[in-house]
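Student: Hey, I've got a structure to look through and I don't know where to begin. Can you walk me through it?
Tutor: Sure, let's put it up and go piece by piece.

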Amino acid sequence: METAFTPWQSLAGGALIGLAATLLMLVLGRVMGATGILTAAFTAAAPERGWRLSILAGMISAPLMLWGLTGQLPEVQVPVSMPMLLIGGFIVGLGVTFGSGCTSGHGVCGMARLSRRSIVATATFMATTGLTVFVIRHVLGT
Amino acid sequence: MRLITPYLIGLIFGVGISISGMASPAKVLNFFDVAGSWDPSLGFVMAGALVVTFIGYRLVLRRPAPILESVFQLPSKVRLDTRLIGGSAAFGLGWGIAGFCPGGALPALGTGRIEVLAFVAALLVGIFTARAIISRIDDRKARALRRET
């Protein structure tokens, strides 16, 4: 499935992700990692849970706000079958928990702090994602 | 303040994810498909996010403390270990299969698409399975250590 190259939109979106990460550090002194926020929204003690649930609510409202402003929901194209989404989701959950972070936590916040662990984690998952996509598309040919 | 500010931060993050293309597996997977239908857009997402966060953190961390808390809580681990590398490798495998990462999928929940819901449900099962495994391993290690001493 071809997708259009969107350099400016993607750069602007990335800058907003960085702005959110900076603001969370400024206001609450926390790292903006999706994995950590999601996990602790379920597991943390009550006073630590509230702000995380608020962030999640904000994230989920974003497509609806865009829909209100522009009349269309952001594009979500899923060229993946339901069983593969479930298998992939389960493996992502295992991986980000053992690896203590994902694209936002390690790839953005940790890399921006020049954390050695985050640089190694990001290099590792970028490599295995690329390898997985190559094998699925060009070796197995689906 | 303590709830409204995080809500607005989540909203900014979610709008960023939505317009960047990170919420769309077709675009994410094409970024990694250099040998096929390559779409370099996600490189621009990473670049934009990294430059802003790099500069933003440097300005913010000059302050003695965040606005609403008394200390900055930065991850303190420095050692590279098997969990970090093995976990990250597995994350990449799952990301390459599904095309969603957690930060991309959570805002996408707002579109109400069943595929996103299914991914996030499986993600949560994975997270809690891993937490159960980790706590068993750590318990066993602690018990072994007590026996030795």
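Student: In what order do the elements of chain B run from the N terminus on?
Tutor: They go α-α-α-α-α-α. Chain B has six helices and zero strands; helices (H or I, at least four residues) and strands (E, at least two) are DSSP runs, numbered from the N terminus.

Student: Anything to know before I trust it?
Tutor: This is a predicted model, where local features need pLDDT of at least 70 and side-chain atom pairs count only at pLDDT 80 or more, while totals for chains, interfaces and linings use all residues. Residues are numbered from 1 along each chain as its sequence is written, chains are lettered from A and ligands numbered from 1 in the order in which they are written, and side-chain values use heavy atoms, with hydrogens and water left out.

Student: OK, what pLDDT does chain A average?
Tutor: Chain A averages 95, and 99% of the residues score at least 70. That's the predictor's confidence in each residue, from 0 to 100.

Student: And where in chain A is confidence lowest?
Tutor: In helix α3 (residues 46-70), at a mean of 94, whereas α4(A) is highest at 98.

Student: Switching topic: how many disulfides are there over all chains?
Tutor: The count is zero, where a disulfide is a pair of cysteine sulfur atoms within 2.5 Å. For A:C102, the nearest cysteine sulfur is that of B:C101, 6.2 Å away.

Student: So why no bond for B:C101?
Tutor: Because the closest cysteine sulfur, in A:C102, is 6.2 Å from its own, and that's too far.

Student: Is A:C102 buried or exposed?
Tutor: A:C102 is buried, with a relative accessible area of 0%. B:C101 is buried too, at 2%. Buried means under 20% relative accessible area, exposed over 50%, partly exposed in between (1.4 Å probe, protein chains only).

Student: Which phi does A:S100 have?
Tutor: Near 55°, a positive value in a residue other than glycine. Most residues other than glycine have a negative phi. A:S100 is in the loop between α4 (82-98) and α5 (103-112) of chain A, and counts as partly exposed at 40% relative accessibility.

Student: What about A:L114, where does that lie?
Tutor: In the loop between α5 and α6 (116-139) of chain A. A:L114 has a positive phi of about 55° although it is not a glycine, and at 54% relative accessibility A:L114 counts as exposed.

Student: Back to chain B: what percentage of the residues count as buried?
Tutor: 51% of the 149 residues.
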